[in-house]
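Trainee: I would like a close look at a single part of this model. Please take one buried charged residue and work outward from there.

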Amino acid sequence: MSLRDSEDLAMAIERLGASSAEAAEAAGLVEQALGRPSSIVVSFSGAGALRQLSGLDATAVDGATAHVRRVQDGFRLTRVDAPRGWAARVVRGQMDERDFFSSAVARGLNDILVPVFTKALSYDLDFAREVAPSDLFEAVIEERRDSSGVVVGEPRLLYAGFHHVPRAFARVSEADGVRSDRAKSAELYSWGQASDGEPRWFDANGGPARRSLMRTPIEGGHITSVFGLRLHPVLGFFRSHKGIDFGAPKNTPVFAAADGQVEFAGPHGGHGNYLRVRHGPSLSTAYAHLDRFVEGLRPGDPVRQGQQIAWSGNSGISTGPHLHYEVIVDGEQVDPLSYVDAGSGVGHKLTGDDLQRFLAERRRIDKIRTTQL
């Protein structure tokens, strides 16, 4: 588990089920070895009155670890120094019949990197309607290793690639009622960080990955209803559906589709919990049926493209957890899928020394890809 901000380590261990005395002793050993760790894993033995803390593994921000184990007269501490360096590996695979998450994890992509992968490609690729079984994906991952070669700390994603098989793409597009003959592919390289610490992504020529609007402003959602006239699932009569719906479990992260300023955040009739972001004089996006907003987010607050703003839910007039997403141009809702397709790039292409350093990093990553076929 990750520690809450400013949470006392002993209290965190006790919260997981250890006695106050055990928690204090184990926390003292960890703090002696690492100071304050960034995450801990706690294990227990026995049950009921015999339940006791049997071990604790703590990791510091730099990757150093402390291992506490119960011995006959108390606890024993073993400290492992920070990693000796980074090692890269390549993950390749093919989409199965289920979803991208299960496909990627089954083939070795770390589960914590799946949302990083999909978010990086979300400006070029709609994971809700443009992926299908037989599509190919590739990732280059760097992992830190300790002095014994064991992976520690969090990995980082260097490259994200996705390649469509034309036949599968056509079948998915027609199932969603949107015809397209394009077999889309995307390849992106991580280079540097944004001001919020998020990785920045560029294409092979140093062009920015970001677009005017994210194609899928929710983590792992799938389209369940498109824009236009439909039979309302609750009211039982035909009416215009002024957005698109992404089916997703309750409490799935929802992101701002572009940079902007929060216009409204609160109850909004049948929309339930509703949030609207203004991106310019004539463009806004709206997010409805939310479970809740990110704590502290208020009208007037600035938001960045890709920043989490809420969690999906089932509030308002709704038959199940989902995100209702609208694109509003000059006060009128337009089809988000059509508008996104017409979106222009934002940001700036790398130039000069920055471009040369990026190209050197791209060549390093491509060499890793070719040597691990």
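Mentor: Start with glutamate 138, which is buried, with a relative accessible area of 8%. The model is predicted. Glutamate 138 meets the side chain of arginine 369 in a salt bridge, 2.9 Å from N to O. Arginine 369 belongs to helix α7 and glutamate 138 to strand β6, so the pair ties together parts that are 231 residues apart in sequence. Arginine 369 also counts as buried, at 15% relative accessibility, because the limit for buried is under 20%.

This pair is part of a network. Shared salt-bridge partners join Arg92, Glu138, Glu187, Arg362, Asp366 and Arg369. Across the whole structure, a search finds 16 salt bridges.

Now the sheet. Five strands form an open sheet in the order β5-β6-β7-β8-β9, with antiparallel pairing. β5 (85–94) and β9 (199–202) are the edge strands, each pairing on one side only. Neighbouring strands are turned by 30° against each other on average, direction ignored. Helix α7 (residues 352–371) packs on this sheet and touches β5, β6, β7, β8 and β9. The direction of α7 makes about 125° with that of β8. Helix α4 (residues 114–121) lies across β6, β7, β8 and β9. It runs at about 35° to β7.

Go along β6 next. β6 (residues 136–145) pairs with β7 (residues 151–163) over 9 bridges, in the antiparallel sense. One bridge partnership sets glutamate 142 against arginine 156 in β7. Their side chains also meet in a salt bridge, 2.9 Å from N to O. Glutamate 142 lies in β6 and arginine 156 in β7, so this pair ties together parts that are 14 residues apart in sequence. Glutamate 142 counts as buried, at 6% relative accessibility. Arginine 156 counts as partly exposed, at 38%.

Cross to the other side of β7. β7 and β8 (residues 185–193) pair in the antiparallel sense over 5 bridges. Glycine 161 stands opposite glutamate 187 in β8. Glutamate 187 is one of the residues in the salt-bridge network. Tyrosine 159 stands opposite tyrosine 189 in β8. Tyr159 and Tyr189 also belong to one aromatic cluster, with Trp191, Phe202 and Phe358. The whole structure holds 10 aromatic pairs by the same kind of search.

One more ring contact involves α4. The charged end of lysine 119 sits over the ring of phenylalanine 255, 4.8 Å from its centre.

Definitions and conventions
Residues are numbered from 1 along each chain as its sequence is written. This is a predicted model: local features need pLDDT of at least 70, side-chain atom pairs count only at pLDDT 80 or more; totals for chains, interfaces and linings use all residues. Side-chain values use heavy atoms; hydrogens and water are left out. Rings of Phe, Tyr and Trp (its six-membered ring) pair if their centres lie within 6.5 Å; planes under 30 degrees apart count as stacked, over 60 as edge-to-face and the rest as tilted. A charge sits over a ring if NZ of Lys or CZ of Arg is within 6 Å of the ring centre and within 35 degrees of the ring normal. Two strands pair if DSSP finds at least two bridges between them. Helices (H or I, at least four residues) and strands (E, at least two) are DSSP runs, numbered from the N terminus. Axes are lines fitted to C-alpha atoms, for helices over the stretch in contact, and angles run from 0 to 180 degrees between N-to-C directions. Contact means heavy atoms within 4.5 Å. A salt bridge is a side-chain nitrogen of Lys or Arg within 4 Å of a carboxyl oxygen of Asp or Glu. Buried means under 20% relative accessible area, exposed over 50%, partly exposed in between (1.4 Å probe, protein chains only).
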